[in-house]
Structure formats: C-alpha cells, structure tokens
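Student: Please take me through the labels used for this structure, and the reasons behind them.

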Amino acid sequence: MNQDLFNSMETYSEISPVINRCFCTKKNTMPAIYHERISHCYELEYITWGQGCVITDGEYIPAVGGTVFFRRPNMKIHGILPYTSYGILMDSFPVENIPLVCNFSASNSIAFLFQDVYQSYLSGTPLMQLKMKADIMNIIYYMLDYERNVQEQKETLSVRYHLEDLERLKRYMDENLSRRITLDELADLCNISPSFLCRLFKQAYYETVFSYLTRQRVQKAKHMLIETNNPIKDICMSCGFENESYFYRTFKRIVQMSPSCFRKIHRQPFDDMNGE
C-alpha cells in the first residue's frame, strides 16, 4: 500500500467520535450476571433481543429488541439479564443532546448500522475507522429524527387536548382588539405557562399568538377605514395599536399600502355614489 495513503487513513482515527472498542453479546455468550458499574466513556448500545431491563441512574428501562441506549461518562448502569446487544465505546462524541433511549422496531436500519460498525471494528483496517465513524453519524441521525418525531406526536396530542381552549382564546382576542393584551393574561385564561401557550398556538395555527393578534387588528382597521369616517389616529387607537407610527408601519407591511391609500382606493365607489 502507498505509504502516503496509509498515513492519511491513520488520521481518520483522530476524527470525532473516537472509537475505543466494540462488543457483541449473543445468547450463547451471555455472562451469568451484569454487575452495577459506572460508565467511563460515551456508549451506544443496541439491544438485538431481550427480556430483561437496564437500570440507568435509577430508572428501569426494558431491554427489548430495537432499543438504543446512549450513555455519557459517569452514569450508573446495571443490566438485568436476559438480553443481547451490540455496543460501541467512545472517548469522544460529536453530539450531546441526543435522547438517552430510543425505541425502534426490532427490524430497522439501526440494526444494520450497529452490526456494520462491529464488523468494521473486527476488520482492523485503517480505512474501517472512517467507515465506523460514518455509521455512527448515521445512528445519531436516526436517534435525532426519532426524538423529533416523538416531540411532534406529543405536540399534536397537546394541541388536540387544548384545542377548545385555543379556540376560546382566539375569540377572546377578537373581542378585545382595542385594548392591550399580554401573553401572561392569555396563558392564565388557558391555565398553562406562557411558553407552552406559544408552542401550542403555533403548532395549531402555524403562526405566533401575536402575529395572529396583529393580523386581526389590521383586519379590524381595514373595515373601519372603509365603513367609517373616523380619523386614522382614532382607528389606530380603536384597534389596539400603541401609536400611530407603529400602526402605519404594521399596516403597510401586511397590506402593502398605507392606511390612507387603502381608504382612498376602497372608499372611492361610495364617494362617487355620494356625489351623485
């Protein structure tokens, strides 16, 4: 092999994650017992088959086929047999905020990736270091995607549970456009936190609470500009805008013209009739 190529392949071992070792336990090689231990490095473990559990920092988690565990250093681990698994031990890890447990189906792409990492580890060739790292990055992708799907499902369930409250909240805002409305006030009406309200509202209606409120205020202003002769300054106050300057900027951003121009264009037919 070309020495320069060999040296370049050796540098792959320096790319994060740095893989320490891999292991594979099967039914015919299971130990009699797993003793409680402290993790000394980053670990990924994929359960290929199981009827036991893994106690992680005091939490009992079933060890069943398709489960992936992610562990950071200094976590207390105690495996309760029987279960079999693939494991990857690493000195460093590129992502910290991945879920500690993912429950995939027993037959999935993750299973192939763990098996491929293990086979690459056994081969011992320099190029296999890069292949293992690529497989691990794919494992991380699947785990992050799993977490995203879980969060979306939770948010969907939360929206369904609070949908009646959210609709009532919209009616409340529509009926109180002329006065100042705070996020805390709206959250209290639903008996939830302001941050949770923001997430729920955007999940349900694809816009923020205040973008909805602003849009409704502009809509009310459009009606008043057409249907009344009130001065624009009065319309601004009646629609809950704090000052005329902010009203003009917001109206023009949403309607693509100034309030006075909007009134002139849309009042013209009525003005012509009044002049007959």
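The turns below cover helix packing, cysteines and a sheet.

Tutor: This is a predicted model, in which local features need pLDDT of at least 70, side-chain atom pairs count only at pLDDT 80 or more, and totals for chains, interfaces and linings use all residues. Residues are numbered from 1 along each chain as its sequence is written, and side-chain values use heavy atoms, without hydrogens and water.

Student: Why are α3 and α5 called roughly perpendicular?

Tutor: Helix α3 (residues 126-175) and helix α5 (residues 194-205) pack at about 95 degrees, with axes 8 Å apart. Angles of 65 to 115 degrees count as roughly perpendicular, so α3 and α5 are given that label.

Student: Which residues of α3 and α5 meet?

Tutor: Contact means heavy atoms within 4.5 Å. Among the residues that meet are H162, L166 and M173 in α3 and F196, L200 and Y205 in α5.

Student: How do you know that C53 is in no disulfide?

Tutor: A disulfide needs two cysteine sulfur atoms within 2.5 Å. The closest cysteine sulfur to that of C53 is in C102, 18 Å away, so the distance is too far for a bond. For C198, also in no disulfide, the nearest cysteine sulfur is that of C190, at 11 Å. The count of disulfides is zero.

Student: What makes C53 buried or exposed?

Tutor: Buried means under 20% relative accessible area, exposed over 50%, and partly exposed in between (1.4 Å probe, protein chains only). C53, at 14%, is therefore buried, whereas C198, at 33%, is partly exposed.

Student: What makes β2 and β5 edge strands?

Tutor: The open sheet has the order β2-β7-β4-β5, and β2 (37-38) and β5 (59-63) each pair on one side only. Pairing requires at least two DSSP bridges between strands; β2 and β7 (residues 76-80) have two, in the antiparallel sense.

Methods
Helix = DSSP H or I, 4+ residues; strand = E, 2+ residues; numbered from the N terminus. Axes fitted to C-alpha atoms, helices over the stretch in contact; angles between N-to-C directions. Parallel < 35°, antiparallel > 145°, perpendicular 65-115°, else oblique.
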